[in-house]
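Grab a pencil and work through these exercises with the structure open beside you. Try each task yourself before you read its solution.

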Amino acid sequence: MLIYNPITMSEVLKMEVFRDAKLVAGEEGLNKEVSWIHPLEIWDDPKKWIDGGELIFCCALGVNDEETLISFFQQVLQKGVAGFCLQLHAHLKNTPSRMIELANHYHCPLIIFEQSVRFIDISRSLLNTLIMNVNPDYLREKQVLEENHWMTDWFYGRISNDSVRQRLKMDSAELTKFSYFSVLMSYHKEKVSHRHFEGVYLSLAKKLRAYFESEQFLFYPLFADGLLAGVVLDYGVNSTWKDRFYKVVKEVNADFLAKGNKDRLVLAAGQRSNHIEDIPWSYRTAMETIDVCQRFHIGQSIYDDLNLFFLFSLIDDAGNMERLQQYTSEQLSPLIEADYSQNGKLINTLKCYYECNGNKQLTAQKLGISRRTLYYRLEQIEEILGTDPLLPKKRLMIEISFVLQDYFKNEGS
């Protein structure tokens with residue numbers, strides 16, 4: 001991460017510039033590490049301007065209403081700040097008791113300056129300490145991303161193939177050994193700029209390179225359009241590239257920001273090609289892919305895997321959408337009704353059966369059931385549907401209905 005030897009709030013209070021400061025609450029949080037320092041005087045939704053881990057400086061000038069200050073304080077506490085410094089003044093002579101209660105509840109050190117101080121002097125001193133503790137890996141990663149900034153011209157088709165080859169330090173023969181696609185990373189249902197999370201994204205870029213390399217990819221990261229982006233060169237077996245890519249997605253979520261059983265990060269892959277001149281199209285499709293992933297919070301994040309979602313997103317007529325929902329219900333309601341007594345086993349079985357392309361042995365293995373149990377469930381499914389679920393037209397309709405079901409579920413969430 002950003003800080004090599006992070007400093008704690010306890011260490012902050014021992015600094016000479018804090019000699020006149022008083023800790024009035026939140027003593028249990030003195031072991032919190034400071035990620036950054038941030039003066040903040042924005043009373044309308046201050047949470048938008050912080051990430052968590054900061055030491056906040058506040059003068060509260062012009063605020064005569066304690067409730068405004070208390071509301072502001074509670075919002076920054078909810079973001080997990082490391083500490084809070086408050087300058088008292090003529091209109092705020094005492095620390096509101098509610099602030100003390102909140103600081104103790106959130107274990108956030110609340111530091112009071114009763115005499116006027118220059119926060120700029122304190123900030124400069126703290127900043128110098130933080131910079132001295134910057135992780136060298138962070139600086140190296142930042143340098144790599146800055147050196148790769150030329151790829152922005154590659155994304156937008158403003159650079160020749162010869163220039164790309166020179167930048168990659170590969171000749172034409174070497175480049176024919178790879179397939180290429182662009183990637184973008186962000187958070188589900190959010191567009192998070194690296195300007196607010198640069199330290200996190202630089203750590204992610206470093207980890208991603210290792211994950212990609214372990215799956216026979218080369219990863220060239222950069223910041224483009226405010227997001228962590230990159231070009232991936234694939235030298236593995238062509239038929240396995242999607243499985244290998246999704247392993248990278250799984251690893252990066254497990255290592256960084258997985259919450260419960262839901263991934264919080266989305267790593268979107270654009271159209272894959274054997275030609276470096278197709279990267280602009282791959283970048284455009286990666287942008288489309290990440291938009292769909294953020295909108296519907298779906299597990300797939302490869303452009304080729306989202307064809308039906310792209311089609312559905314183009315339907316903006318309310319009447320047509322309502323009819324599509326009816327169609328989905330017509331196709332799946334017999335299975336859904338039967339599954340009330342099966343705890344969802346029949347639908348999950350059929351989905352897995354389709355994913356395994358009708359391979360019964362593989363389906364049973366993935367579900368962790370015996371083949372006899374699988375045969376029994378498939379017999380039930382065929383009886384409910386009135387036909388073999390693998391018949392091409394029936395399978396197409398049901399698989400489309402499964403996708404529509406996920407589409408409407410995620411659109412409403």
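## Exercise 1: Placing a glutamate

Glu11 has its place in helix 1, which covers residues 9–13. This is a predicted model, so keep that in mind throughout.

**Task.** Work out whether Glu11 counts as buried, partly exposed or exposed, and find how far its C-alpha atom is from that of Val34.

**Solution.**
- Step 1: Start with the relative accessible area of Glu11, which is 40%.
- Step 2: Buried means under 20% and exposed means over 50%, with partly exposed in between.
- Step 3: Glu11 is therefore partly exposed, at 40%.
- Step 4: Now go along the chain: Glu11 and Val34 are 23 residues apart, and their C-alpha atoms are separated by 9.9 Å.

## Exercise 2: A glycine in a strand

**Task.** Find the strand that holds Gly230, decide if Gly230 is buried or exposed, and list what Gly230 touches.

**Solution.**
- Step 1: Gly230 sits in strand 8, residues 227–234.
- Step 2: Its relative accessible area is 0%, so Gly230 is buried.
- Step 3: Leave out residues up to four places away in sequence, and Gly230 touches Phe155, Phe181, Ser182, Val183, Phe219, Tyr220, Pro221 and Leu222.
- Step 4: For a distance, take Asn148: Gly230 is 82 residues from Asn148 in sequence, and the two are 8.9 Å apart in space, C-alpha to C-alpha.

## Exercise 3: An aspartate in a loop

**Task.** Locate Asp304, classify its exposure, and name the residues that Asp304 touches.

**Solution.**
- Step 1: Look in the loop between helix 11 (279–296) and helix 12 (307–313), and you'll find Asp304.
- Step 2: Asp304 has 28% relative accessibility, so it counts as partly exposed.
- Step 3: Not counting residues up to four places away in sequence, Asp304 touches Lys242 and Gln271.
- Step 4: Check Gln271 again: 33 residues along the chain separate Gln271 from Asp304, while their C-alpha atoms are 6.9 Å apart.

## Exercise 4: Two helices side by side

**Task.** Describe how helix 2 (residues 66–78) and helix 3 are oriented to each other, using the angle between their axes.

**Solution.**
- Step 1: The two axes come within 10 Å and cross at roughly 10°.
- Step 2: Angles under 35 degrees count as roughly parallel, so helix 2 and helix 3 are roughly parallel to each other.
- Step 3: On the helix 2 side you have Leu69, Ile70, Phe73, Gln74 and Leu77, which meet Arg98, Met99, Leu102 and Ala103 in helix 3.
- Step 4: Sort this contact by class, and you get seven nonpolar residues, one polar and one charged.

## Exercise 5: One helix, two partners

**Task.** Helix 14 (residues 345–355) packs with helix 15 (residues 360–367) and with helix 16 (residues 371–385). Describe each pairing.

**Solution.**
- Step 1: The axes of helix 14 and helix 15 come within 9 Å and cross at roughly 130°. Helix 14 and helix 15 are therefore oblique to each other, and their crossing is right-handed.
- Step 2: Helix 14 brings Asn348, Thr349, Cys352 and Tyr353 to this contact, and helix 15 brings Lys360, Thr363, Lys366 and Leu367. The split is three nonpolar, three polar and two charged.
- Step 3: Now turn to helix 16. Its axis is 10 Å from that of helix 14, at an angle of about 100°. That makes helix 14 roughly perpendicular to helix 16.
- Step 4: Here the contact residues of helix 14 are Lys345, Leu346, Thr349, Leu350 and Tyr353, while helix 16 supplies Leu374, Arg377, Leu378, Gln380, Ile381, Ile384 and Leu385. By class, that's eight nonpolar, two polar and two charged.

## Exercise 6: Positive phi

**Task.** Find where His107 and Asn357 lie, and say what stands out about phi in His107 and in Asn357.

**Solution.**
- Step 1: Recall the general rule: most residues other than glycine have a negative phi.
- Step 2: His107 has a positive phi, near 55°, and lies in the loop between helix 3 (97–105) and strand 5 (110–113).
- Step 3: Asn357 also has a positive phi near 55°, and is found in the loop between helix 14 and helix 15.
- Step 4: For exposure, His107 is partly exposed at 34% relative accessible area, whereas Asn357 is exposed at 61%.

How values were computed: Residues numbered from 1 in each chain as written. Predicted model: local features only at pLDDT ≥ 70, side-chain atom pairs only at ≥ 80, totals over all residues. Heavy atoms only, no water. Axes fitted to C-alpha atoms, helices over the stretch in contact; angles between N-to-C directions. Helix = DSSP H or I, 4+ residues; strand = E, 2+ residues; numbered from the N terminus. Parallel < 35°, antiparallel > 145°, perpendicular 65-115°, else oblique. Left-handed = near helix turned anticlockwise from the far one by under 90°. Contact = heavy atoms within 4.5 Å. Nonpolar A, V, L, I, M, F, W, Y, C, P; charged D, E, K, R; others polar. Buried < 20%, exposed > 50% of the residue type's maximum accessible area, 1.4 Å probe, protein only.
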